[in-house]
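This report describes a protein chain through its pocket, its overall build and its aromatic side chains.

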Amino acid sequence: MFRRTAAFVLLFWLFGFVWFAVALPDALDMSVKTDAVIVLTGSRGRIERSLDVLKEHRAPRLLISGVDREVRPGELAAEYRIPDALMKCCITLGYEAFDTRSNALEAADWVKRHNIHSIRLVTADWHMRRAAYELARELPKGVTIREDAVPSRPSLSTLFLEFHKYFGRMALDTWNRPPWKKS
């Protein structure tokens with residue numbers, strides 16, 4: 001009995017990992033409009049994608065979550081060639097986040113303060129599932145998340161680690177609040 005259970009668990013894990021690694025989320029069509037864009041800092045292309053969305057008028061405001069405390073607005077504007085008017089009117093730099101969970105807390109607070117009902121979440125394709133999960137846990141009810149994954153070429157070790165972080169987080173939530181004890 002133990003061998004069968006262990007084999008089942010191993011197969012379940014293996015198929016889950018293959019699904020996670022092969023079926024990475026895609027970029028969202030640029031025609032989709034939302035109330036705001038939230039980008040989580042990290043790998044290449046994320047900030048550029050979020051700025052493209054803003055410049056294409058697909059959202060009126062942008063939160064860049066997880067900005068290093070050393071980065072000043074002028075430095076970011078110079079690096080990404082952001083016009084001063086756009087920087088002042090429409091872009092918020094979030095300095096409070098240091099990981100995905102704190103990104104979600106920072107973003108949820110910003111969404112509440114600005115009364116936002118729909119967001120475009122921009123992050124790397126390998127990071128999207130966990131980022132969207134964490135954000136959905138923290139956002140006010142009724143806020144729509146549109147996932148806009150930036151394509152990348154993650155290493156096998158990156159995928160392996162992210163897969164375990166994602167499912168570990170879901171398992172922890174289930175352990176702390178089993179489905180049969182919904183509040």
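The largest pocket of this predicted model encloses about 190 Å³ of space. Its lining is made up of 15 residues, and those closest to the pocket centre are Thr41, Ile47, Leu76, Glu79 and Tyr80. Helix H2 (46-55) and helix H3 (73-80) each contribute at least two residues to the lining of the largest pocket. H3 gives the largest share, 4 residues. Sorted by class, the lining has 6 charged, 5 nonpolar and 4 polar residues.

Helix H2 is largely enclosed by the rest of the structure, because 7 of its 10 residues are buried. The buried residues of H2 are Arg46, Ile47, Arg49, Ser50, Leu51, Val53 and Leu54. Ile47 thus appears both among these buried residues and among the residues closest to the centre of the largest pocket. Just after H2, His57 adopts a positive phi of about 60°.

The protein chain as a whole has 7 helices and 5 strands. Read from the N terminus, its elements follow the order α-β-α-β-α-α-β-α-β-α-β-α. Its C-alpha atoms fill a box of roughly 65 × 40 × 35 Å along the principal axes. The chain has 183 residues, of which 42% count as buried. Its exposed area is about 11200 Å², with carbon and sulfur atoms supplying 58% of that area. Among contacts with a separation of 6 or more, 79% are between residues 24 or more positions apart.

Aromatic side chains form 13 pairs in the structure. Two of these pairs share Phe17 and are set side by side below.

| Pair | Centre to centre | Angle between planes | Geometry |
|---|---|---|---|
| Trp13 and Phe17 | 6.0 Å | 5° | stacked |
| Phe17 and Phe160 | 5.9 Å | 70° | edge-to-face |

What separates Trp13 and Phe17 along helix H1 (residues 2-22)? The two lie 4 residues apart in this helix, so about one helical turn comes between them. In general, an α-helix has 3.6 residues a turn, so residues three or four places apart point the same way. The planes of the Trp13 and Phe17 rings are 5° apart, and the pair is stacked.

Is Phe17 buried or exposed? Phe17 counts as buried because its relative accessibility is 10%, and the cut-off for buried is under 20%. Its stacking partner Trp13, at 30% relative accessibility, counts as partly exposed.

The planes of Phe17 and Phe160 stand at 70°, so this pair is edge-to-face. The pair links distant parts of the chain, with Phe17 in helix H1 and Phe160 in helix H7 (residues 156-176), 143 residues apart. Phe160 has 40% relative accessibility and therefore counts as partly exposed.

Trp13, Phe17 and Phe160 also belong to one aromatic cluster, together with Trp19, Phe20, Tyr133, Phe163, Tyr166 and Phe167. Within this cluster, Phe17 is thus a partner in the stacked pair with Trp13 and in the edge-to-face pair with Phe160.

Key:
Residues are numbered from 1 along each chain as its sequence is written. This is a predicted model: local features need pLDDT of at least 70, side-chain atom pairs count only at pLDDT 80 or more; totals for chains, interfaces and linings use all residues. Side-chain values use heavy atoms; hydrogens and water are left out. On a 1 Å grid over the protein atoms alone, a cavity is a set of points where a 1.4 Å probe fits but cannot get out, and a pocket is an open set with protein on both sides within 12 Å along at least five of seven lines; lining residues have an atom within 4 Å of a point. Grid points are joined across faces, edges and corners, and a volume is the space filled by probe spheres set on the points. Ala, Val, Leu, Ile, Met, Phe, Trp, Tyr, Cys and Pro count as nonpolar, Asp, Glu, Lys and Arg as charged, and the others, Gly among them, as polar. Buried means under 20% relative accessible area, exposed over 50%, partly exposed in between (1.4 Å probe, protein chains only). Contact means heavy atoms within 4.5 Å. Accessible areas come from the Shrake-Rupley method with a 1.4 Å probe; for residues, only the protein chains shown count as cover. Rings of Phe, Tyr and Trp (its six-membered ring) pair if their centres lie within 6.5 Å; planes under 30 degrees apart count as stacked, over 60 as edge-to-face and the rest as tilted.
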